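The following dialogue considers how terms used for a structure are justified. Please examine the sequence and the model before reading on.

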Amino acid sequence: MTTPPYLEALNPEQRAAVLHTGKPLLILAGAGSGKTRVITTKIAWLIREQGLDPRSILAVTFTNKAAREMADRARLIDDRAGFAMLRTFHSFGAWFLRRNGNLGGLPSNFVIYDDDDSVALLATLLPDLPKATVKQTAHAIARAKDYFLSPDDPELALIDHRKEFRRIYAQYEERLAQIGNVDFGDLIKKPVDILRANPEVTQRFRDRFRVIMVDEYQDSNIAQFELLKTLCGPSTYICVVGDDDQSIYRFRGAEVRNILEFPDRFAGADIIRLERNYRSFSPILDLASSVVDHNEGRLGKTLVAHRGPGKTPTLAFLPDQDAEAAFCAELIENSVNPPKAGNAGKHKEAAPPGAQTGRALYSDWAILYRTNAQSLGFETEFLRRRIPYRVVGSLKFYEREEIKDALALLSFLVNPRDEIAFRRVVNKPTRGVGPATVDRIVGEATIGGITDGSAGDIAEAARRIMPALSAKAHSGVAAFFKALDGGLFLLTPDDAVPENSNTTGGKSAGNKAVEKLEKHSKKGRKRDGGNPLAAGEGLSPCVVRLIEDSGIGEYHLTHDDITGQQRIANLQELANAASIYPATHSGLLEFLEHIELDRSIEQGPAGDEEERGVVTLITVHNTKGLEFHRVIMTGIEQGVFPRDDKNGDDLEEERRLFYVGATRAMDELYLTSCAMRRMFGRTMPMEPSLFLGEADKKALRVLGKAPYGFTKRGVASYGSGGVQTKAPVASSDGRWKVGDRVFHDDQGYGAVMEIRESDEGPVIRVKFETGKDIRFLSLHQSSKYTKIGNDA
DNA sequence: TAGTTTTAAGTTTTT
DNA sequence: CTTAAAACTA
């Protein structure tokens, strides 16, 4: 048997991973080690060489982008890979529930609630609690589902120890079931429940999916683990790929133990390590590794930089965030449009092998930050300097008020039991339907419909109760339902879809509505001649009609005339997005599901941006799986990165986040750290990040004035007063006692004067021979890197 | 009740 | 500084 050409390009470990069969497989794939290539090649190889039916392959990822990329790349090797099921966990769950949800009492027309909807639902159950508490509780319920805990699970107390939490969770579940919708957690948990209760269904799925692959396994949660465990029969081949150092979603239930304990949970598992990094020059990897090395509890691995040595990463200390933005802008601008060299002769720097030479493109650059809020400063500066950029992720298009309103209308159309959607829009614009009336209708729906089988149907309940309403409320409710009927009219029932038509039912009327809406959006502000709106197709007339008839469009236009125009434009965009779906009930359902599960908005560069590209502004979290030639990690300051409320395991996660960010860089890496930063509108003094102290200084070139305390030996203390974030030394037995002698790089010898407990651990006050009195937050008294100068 | 004013609070990270 | 929630007035 000859080696197929597509295997030739793989290194021995990659090839071993592709050719592996027969046992569970864990691929520990370091950053930039070509894991996507391994997965896609493996899919193609299974089809071509093993003769596997592509439809019996299930590959799960965590983001839709990753799923799409994987599908595209696998298809490049073999067309038939397009028939494999490549989905996110949540999209797979939704797919499962549409077909088998009835086994768990779920109607097939369920709508997926996002976190806001969950909070809104919970708020109706807990009307007397402050909103913050409701949010917290909703969060706890979501976590519980991530950990696969039902309301009756004894371990529930680990999530939320309040006595009443169990009851609230149960009530929430009951109400959600009455409405007939699901939340995000249900998309994973419910399939497992159903599979376990129905062995014949489990068997069917095990017969169908012979091979299961999981990408980014380090970010899977317990419920997802349970799902995998259930889907895997004795003869299912399971292969998971991940990197424990890149686990950054613990906060939303990801469980690193899934990857650490994979060999225990899937007996006889083999482990293959991919440790050759093809992405970054070695100093970049050295820097990233030196920081993440400070984590305990990791599998540990040695990444080898296949590209060899290159430019040393630069750390720039800057006065404030304005200087930071300017620094980034100049760095970028100088690389894209280099200033004319004053000296004669080409001043071509000796480029490291493999480095790009000549001018950079804007698209080579990415600016990374810890929180979305930090993008603003860069946007302002880049706008001023005419540097093209795109902001990834923060758009939150679907979280805008007007979009949520429109979606609520659509959701209610799909599921008239949706109390949350009903409450949101029934009185918007105000129709004289106050909370009292709404409560009456909802009450009637829950209680009144039991006898005639319309239980929960709010539309039915409203019709029944209408005669008893005041004139004002009556006309308001009537207007609301009339608007809905208008939208419904444009939908074709699924059982009556004509063969050649997905744009049916009053297309011309719909077009008129679109024209009207278009006029609205063009009235005030001139729109750049961008792409002509392709509305009027498929589902969009229905969406437009609903927006118009319900008065939502008008409401937002009149309510706020500055942003009103923008809001109309947003609604228009939503209508456009609907155009690719057929104007049927199931088309509408599909549209809503797509929106809930994939909120990423693909925005390609336009016009002359095509050539030079655009700079990417992005949170570190969002960079997972991406790479850039040149990366600037900004705001490397204590309190920002890591956030100052982080300690213990949370701090380790921040460290991994730093690792993820740094390893995105292929050629050049820059770090910036500000002495001052505006927060909450006030300027605050900042200290360099703990991580800078931990970093290997040999892998760092420092620009600007290093703040007091930033030494070659490590971050010791900054400024004066305040609680320090790192203890100078460890005491002899790991516990502090008053009188312990300590040594500090800058302050010399000292003695512990006082120990106090704080939320974040013991705070010790040390009097040094220099006369200084400094308080330290003693987080790391027993960890390896606090042993500097321990004199016990 | 609806709409306005005042006050407080808060900023992670996302399917 | 921006946003959301409570408090207040017409």
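Q: Which residues surround DNA strand C?
A: In this predicted model, DNA strand C is surrounded by Lys131, Phe680 and Gly681. Of the atoms of DNA strand C that come within 4 Å of the protein, sugar and phosphate account for 56%.

Q: What makes the approach of the Lys131 side chain to a phosphate oxygen of DNA strand C a polar contact?
A: An N or O atom in the side chain of Lys131 is 3.3 Å from a phosphate oxygen of DNA strand C. The cut-off for such a pair is 3.5 Å, and 3.3 Å is within 3.5 Å, so the pair is a polar contact.

Q: How many residues surround DNA strand B, and which are the closest?
A: DNA strand B is surrounded by 21 residues, the closest being Arg252, Arg370, Asn372, Asn622 and Phe680. By class, the surface near this strand has 10 polar, 6 nonpolar and 5 charged residues. Sugar or phosphate supplies 47% of the atoms of DNA strand B within 4 Å of the protein, and bases supply the rest.

Q: Which parts of DNA strand B do Asn372, Asp115 and His621 approach?
A: A polar backbone atom of Asn372 is 2.4 Å from a phosphate oxygen of DNA strand B. Base oxygens are approached by side chains: a polar atom of Asp115 lies 3.0 Å from one, and an N or O atom of His621 is 3.3 Å from one.

Q: Why is Leu97 called buried?
A: Leu97, found in helix H5 (residues 89-100), has a relative accessible area of 1%. Buried means under 20%, and therefore Leu97 is buried. Beyond its neighbours within four places in sequence, Leu97 is in contact with residues including Leu106, Phe110, Val182 and Ile194. The C-alpha atoms of Leu97 and Ile194 are separated by 9.1 Å, although the two residues are 97 residues apart along the chain.

Q: How do you know that Asp418 has no salt bridge with Arg175?
A: Arg175, the nearest side chain of opposite charge, is 8.1 Å away from Asp418. A salt bridge needs the charged atoms within 4 Å, so buried Asp418 has no salt bridge.

Q: What does the side chain of Asp418 contact instead, and where is this residue found?
A: Asp418 is found in the loop between helix H17 (401-414) and helix H18 (419-425). Its side chain makes a polar contact with the side chain of Tyr113 at 2.3 Å, and reaches the backbone nitrogen of Ala421 at 3.0 Å.

Note on methods
Residues numbered from 1 in each chain as written. Chains lettered and ligands numbered in written order. Predicted model: local features only at pLDDT ≥ 70, side-chain atom pairs only at ≥ 80, totals over all residues. Heavy atoms only, no water. Near = heavy atom within 4 Å. Polar contact = N/O pair within 3.5 Å; in protein donor to acceptor, adjacent residues only side chain to side chain. Helix = DSSP H or I, 4+ residues; strand = E, 2+ residues; numbered from the N terminus. Buried < 20%, exposed > 50% of the residue type's maximum accessible area, 1.4 Å probe, protein only. Lys, Arg positive; Asp, Glu negative; His and termini not counted. Nonpolar A, V, L, I, M, F, W, Y, C, P; charged D, E, K, R; others polar. Contact = heavy atoms within 4.5 Å.
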